[in-house]
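Hi,

Here is the structure I promised to pass on. Have a look at it first, and my notes follow underneath.

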Amino acid sequence: MEEKANPVLALGVRDFRRYWLALVTQVVGQQMFAFTMGWLAFEITGSQAQLGLIFLCGFVPQFTLTLLGGVLADRIDPRKLIGGAQANAAIAMILVGGVTLAGVAQLWHLALGAFLWGLSAAIDEPARASFFPRLLPRTLLRSAVPLISMAFGGSRVIAPSIAGFLIAAAGAPATFLACAASVSTMIAVLFLVRPTHGVARPHGSLLDNFGDSLRYIRANEAFARVIGVALLNATLAMGFIHVLPVFAKDVLQVDSRGLGILVAAAGLGSLTGFISYAWLQSRLSPRSVIVGALTIYNLALIGFAFSDWYWLSFCAILVAGLGHGYFVTGVQVMLQTLVDDHYRGRVMSVFALVWSLMFFSGFLLNTAGEWVGPRLALAGGAGIVLAYVWLSLVRAQALKKVVLTPRPG
């Protein structure tokens, strides 16, 4: 019998609580940076294709180096990797903020900032996924995963609104510098927390370690299925958040505040999903959660794509965020609960490609939008994912047999 996960229990562990609060602050800064970069790029160029180029510059280093980051996370102290990644991210934010303050910001400055941020994320994502389970007992791991997801969902509620109003009140330079201060908090907190247990480090070359992790995933069909559909969804649909500036300005005709509210709707829906995930998990199987959440998510995106009314669009994004919250949390709970510690960093780095592919998705959707319009581009991507879910994923026998029983330590 699977026990119900209670997120409050994980917050009772002091070091995890410190880490989680720092993570929330860090991710708020990251989301504000992404929002402001997209807004400024579209303001400077007025081109959807150029906006997509910014996201492509963030995607390239994150996608190409995330798997290396996963191998390193299983071989090197993750605290060192996380600290170095956040220092690099802060430098990128200060750089972009400085040129914007000087009034000389050009598209290539934003592209460089996106590249450095993508480089940081490539190291940070797998290192973080490998590190936080070591801050609390394994019995509380399923309680901690929704909190980690909540940090990202909650930031998507808060950060766009803060960024939108900061841009309007103080300008983009002040917003960029605030982002740098926000991500720097994690560096300080890393000196205060200590893992409760270590793991055996893999031997051999980096390439051998990586190949070993791919064989491990292939040998576990349920892992391969959920990671595969997560990557497909990230490529074709998750980039909707990066198309919102176009919908806000050209379709719904609202300013940066209206855009901030739309982005916050996605975060509010996700946050609701993270908070209520324990309740849902106690009533549905992991397969039902994943299939149902993806279905709701992509249907809501199709509805948003063809909406002309601002508040109807708001509701569609809210529902999409709810589905996304359930899906991402369901997959991460499944992987973090069932994966062996020895492979954790590498397996989670493969899943972490989702976050880099979201940049690529933004590039694809914005580029396709130049040719067929933003509505058909977004609806087409969501439709392909929806078709795969119901023509292939629902038939996976391995998912039907999944039981969330933690691996022994």
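To start with one residue: in which helix is the place of His-109? The answer is helix H5, which covers residues 107–131. Do bear in mind that this is a predicted model, so everything below is computed from predicted coordinates.

Is His-109 buried or exposed? With a relative accessibility of 10%, His-109 counts as buried, because the cut-off for buried is anything under 20%. Its side chain has a polar atom 2.9 Å from the backbone nitrogen of Gln-106. If you leave out residues up to four places away in sequence, His-109 touches three valines: Val-96, Val-99 and Val-104.

Next, the core. The largest nonpolar core holds 140 residues, and the members that touch the most others are Phe-16, Phe-240, Leu-244, Phe-327 and Met-334. Helix H2 (residues 14–45) supplies the largest share of this core, with 15 residues. Phe-327 is worth clicking on: apart from its neighbours within four places in sequence, Phe-327 is in contact with Val-229, Ala-230 and Asn-233, and also with Ile-290, Ala-293 and Leu-294.

Then the rings. How many aromatic pairs does a search of the whole structure find? It turns up 10, and I picked out two of them to describe.

One is Phe-240 with Tyr-297. Their ring centres are 6.2 Å apart and the planes sit at 70°, so this pair is edge-to-face. Phe-240 is in the loop between helix H9 (221–236) and helix H10 (244–251), while Tyr-297 is in helix H12 (residues 286–305), so the pair ties together parts that are 57 residues apart in sequence. Both Phe-240 and Tyr-297 are buried.

The other is Phe-247 with Phe-304, a tilted pair with 4.8 Å from centre to centre and 45° between the planes. Here Phe-247 belongs to helix H10 and Phe-304 to helix H12, so this pair also ties together parts 57 residues apart in sequence. Phe-247 is buried, at a relative accessible area of 1%, and Phe-304 counts as buried at 1% relative accessibility.

Finally, which residues do ring pairs link into a cluster? They are Phe-33, Trp-117 and Phe-176.

If you only have a few minutes, I'd start with Phe-240, since that residue comes up twice: among the core members that touch the most others, and in the edge-to-face pair with Tyr-297.

Cheers

Key. Residues numbered from 1 in each chain as written. Predicted model: local features only at pLDDT ≥ 70, side-chain atom pairs only at ≥ 80, totals over all residues. Heavy atoms only, no water. Core = buried A, V, L, I, M, F, W, Y, C linked by side-chain atoms within 4.5 Å. Buried < 20%, exposed > 50% of the residue type's maximum accessible area, 1.4 Å probe, protein only. Helix = DSSP H or I, 4+ residues; strand = E, 2+ residues; numbered from the N terminus. Contact = heavy atoms within 4.5 Å. Polar contact = N/O pair within 3.5 Å; in protein donor to acceptor, adjacent residues only side chain to side chain. Phe/Tyr/Trp six-rings, centres within 6.5 Å; stacked < 30°, edge-to-face > 60°.
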